[in-house]
Amino acid sequence: MAFLQTHEVSMRFGGIDALNGVSISAEPGLVTGLIGPNGAGKTTLFNIITGLQPPTSGQVFLDGRDVTSVSVYRRARLGIGRTFQRLEIFGSLSVRDNIRVTVEVRRRWSRQRIDIKHETDAILARVGLEEFAKVPADTLPTGSARLVELGRALATRPRLLLLDEPGSGLDAAETEAFGLLLADLAQDGLAVLLVEHDMDLVMKACSHLMVLDFGELIASGTPEEIRANQQVQDAYLGAEEPPVGSITEPGLAGAGTLP
Amino acid sequence: MSLFIGLTIAGLATGAIYAIAASGLVVTYTTSGVFNFAHGSLGMLMTFLYWQLRVADHWAGPLALGAVLLVAAPIVGAGLQLSLVRWIDINDTGIMLVMTLALLVLGMGVAYAIWPPDTARALGPFFGPSAFVTFLGQRITYEQLLCIGLAIAVALGLRLFLFNTRLGITMRAVVDDRPLVALNGWRTAKLNALSWAIGISLGALAAMLQATLFDDLSVLNLTFLVINSFAAAMLGRLRNLPLTFVGALVLGLAASYVTGYVHTQSGPLAELETVLPTLFLVIVLLALPSVRLRVGAPPARRSPRIASARVSGIQSVLVVAAAVVALPFLHGTNLGAVNQGLAIAILGLAVVLLSGYGGQLNLAMYTFLGLGAWLFTKLSPGGGLGGLVLVTLIGAVAGTLFALPALRLRGLELALSTLALSELVWYVLFNQSNVMENTITIHRLRLPFISLQGARANLVFLAVVFALLAFGVAAIRRSSFGRLLAATKDSPAGCATIGLNLSLTKIGITALSTALATFAGALYGSTQQQVTANDFYFYLGLFIVLIVYIWGVHSPMAALFGGLSLAIFPVIAPHLPAWASQLTYLAVGFGALSMVINPNGTLDAVSSRVRAAWENRQIRRPTAAPLREEARLLGIPADS
């Protein structure tokens, strides 16, 4: 059964429909990609799932429970971890303390006996940030800062991980390693929902893709099915314009390419 | 019926003044993103300037009006924006508010220095005593009609300008996306300067109307007239001019009807007319829709280093040592000032906790100081230690109750609500005859085995208490709770998504700091032994916040320097030239403005420079080992 389900979620800002009747799901043990051109509503959907924004209509279910009106921190305690499109790290703390404070918070609300040092070190190692442990988080380059956010999300022991453009700022080698990490996380039983513009990473890491465009879900399927989907190609490349050369050239209207 | 008509006209005139003041505030906010706490202070300065030209220097009325409203006020507004406001990071709410609070204090200091309060001044009405019309049996003065007419003209004029002219629309666009406006060829600094010129002129107009309509030329009243207009401005969410206008009129009418129909000579209700605008502001703020957690905030400015336990310990020992060493040199007034300064320094630690670590700008700290002093004498008339403990616990509970309705508020709204509540408590509680309207006597704290009756013994006691508390406050920062506070400041959204209940954290830090503040109040009262309500006047809370920010709100030692500064300035001031007689206002005002250069405060700036100089020295000085190795490679004997 899907850990996350959204049912006909809509979001209206003034006269603009940021999301219109979007129903998606994320299964444990799978990496699900959520792609679409800029402004498609991906981050808005993440904000609704995590509770940072209430939807205009529709519902969000976690493990079968309607959490539409549950507060942000309670949803986090129910098992949602996320990273942000625009970094939300604790800049005045060191990398270690970013993770540590999360583990300390979890210990408080979960009332579990947790070895904070051991747990912090394990997460730092998992995301590959041990050598930066003492560095102030706000001095890190973007790619490393995104790994701090990921480590922090993992420190909450989530069952659902929402990753919003985590690959932004990573070089090729780091992206490769990140893809392996995603697979690893899915193997641990996490449901991973990934928003990314790096199509190489998306196509390799995701077993299932959903495509948003102008706030609507226009396609859903395997990477191969999505690659061949005309509606998706139109969304990225622009329906009026004839395709320019091969499909791997940068799109005219959106960001990213479809390898 | 005629009373009702009369009150309605009076209320409309008062509301019109609030509307003009509020409109100026909204203009500067919507076009620059800066909430100008000094709006009333600058208007007050312009009004005194008008008095100087019109009454003291006998200029013709229209000339004096034109010189102030069309020349001086725009120049002051534009000048401030170009020289200071443009450098303020509007995303750093704390610094933004501190800067404009500094301007408020500075404006008062300049006014007191140029126009000392010991001389009576009055601005006559614009029109003569026979200048009125009669409507349904009621006199309506030309002054009142002028106020109403000008308010309507301002409202319509601003609406047309900001929404129907290219310049006005562009001024509004600057707040949304300054770089984009600049890319389209507009000089954003000039646009902002224009908006501030308009805003300050409107503030000046409102203050002048207030002074003439109510025959009230007072630095304090004109400066804080603006609080009355805050409520109207907040009703319009600082953006909606028509709603601001309506809110202002409603407020003016309500105040007028209360004056006319509520006849209470004593007790809290007697203050209702005075506090009604403030009460209105509190209600508006608490009734505002919840502010969503902001995502995508820009990164925090560099945080100062946290002192280690060793360094904190050394600092605490040095504080006590300095107190003991200074003892023989302190007598009379100086001794009293240092005693007072140390008590206020303990209050400063509460500011460090709440604003420095917790990121909450609370302008009501002096209210808790006063509460502590009053409760100590009520609960422990003989000055017993048990009373001190009880006062501290009550302070924690009071802080929790204080925090509960304000949980949804952040940044500007929180600062406004605390200032408003502080004013309410002063009028409704402190200034009552059975509380502190008259001087109350407080017994010196009694400790077992130690007598604190002498000022010197009390000074050493306060130094020890401060040292221990400063060490404790620094330890809080190094603890898991301190990390939590830092995280909450950096990213509330990030904290919520890791499962942190932000409300509980906010209540916790508020309770801790208010407990410390009331504890400080008990010691302050014990030190001073006689206090009145005026010792805790609500706007004094601005000084303790500003002075701690100046020295460095993240450092407990800033509380020490801040407290001592505030106590010593009044002692030094009489020995200075007349223009510097308002040393406290001027020093605090200019000092806080310097935070544009040193946002982390003076102590951090000094220690950073010292550390950098030391590190440079270490780099430049070659060590012996590389030199020996070089000599060996070059074949130079080791002993040459």
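The exercises below, each with a worked solution, concern a predicted model.

Residues are numbered from 1 along each chain as its sequence is written, while chains are lettered from A in the order in which they are written. Local features need pLDDT of at least 70 and side-chain atom pairs count only at pLDDT 80 or more, whereas totals for chains, interfaces and linings use all residues, and side-chain values use heavy atoms, with hydrogens and water left out.

**Exercise 1.** Describe how domain 1 of chain B meets domain 2 of chain B.

*Solution.* Begin with the bounds, which come from an automatic or database domain assignment: domain 1 of chain B covers 2–287, domain 2 covers 309–327 + 339–576, and domain 3 covers 603–634. The centres of domains 1 and 2 of chain B, taken over C-alpha atoms, are separated by 33 Å.

Next, take the contact (heavy atoms within 4.5 Å), to which domain 1 of chain B gives 29 residues and domain 2 of chain B gives 28 residues. The size of an interface is often given as the accessible area lost when the parts come together. Between these two domains of chain B the buried area (accessible area, with a 1.4 Å probe, that two parts lose on being put together, summed over both) is about 2500 Å², with 83% of it on carbon and sulfur atoms. On the side of domain 1 of chain B, the residues that lose the most area to domain 2 are B:L101, B:L285 and B:L286, which together make up 20% of what that side buries.

Finally, look at the polar side of the interface: there are zero salt bridges (a side-chain nitrogen of Lys or Arg within 4 Å of a carboxyl oxygen of Asp or Glu) between domain 1 and domain 2 of chain B. The side of domain 1 of chain B that touches domain 2 is made of 23 nonpolar residues, five polar and one charged, where Ala, Val, Leu, Ile, Met, Phe, Trp, Tyr, Cys and Pro count as nonpolar, Asp, Glu, Lys and Arg as charged, and the others, Gly among them, as polar.

**Exercise 2.** Work out what chain B and chain A each bring to their interface, and which salt bridge crosses it.

*Solution.* First, count the residues in contact, which are 25 from chain B and 28 from chain A. The area buried between the two chains is about 2300 Å², and carbon and sulfur atoms give 59% of it.

Then turn to the elements (helices, H or I, of at least four residues and strands, E, of at least two are DSSP runs, numbered from the N terminus). One salt bridge is found across the interface of chain B and chain A, and it pairs A:E104 with B:R483, whose closest N and O atoms are 2.6 Å apart. On the side of chain B that touches chain A, α18 (480–490) and α19 (492–496) of chain B give two or more residues, and α18(B) supplies the largest share, six residues.

**Exercise 3.** Place A:E104 in its surroundings and follow its salt bridges.

*Solution.* Start with accessibility (buried means under 20% relative accessible area, exposed over 50%, partly exposed in between, with a 1.4 Å probe and protein chains only): A:E104 is buried at 7%. A:E104 lies in helix α3 of chain A and B:R483 in helix α18 of chain B, so their pair joins two chains. B:R483 is likewise buried, with a relative accessible area of 6%. Salt bridges that share partners join A:D97, A:R100, A:E104 and B:R483 into one network.

Within chain A, the side chains of A:R100 and A:E104 also meet in a salt bridge at 3.4 Å, N to O. These two residues are about one helical turn apart because four residues separate them in helix α3 of chain A. A:R100 is partly exposed, at 27% relative accessibility.
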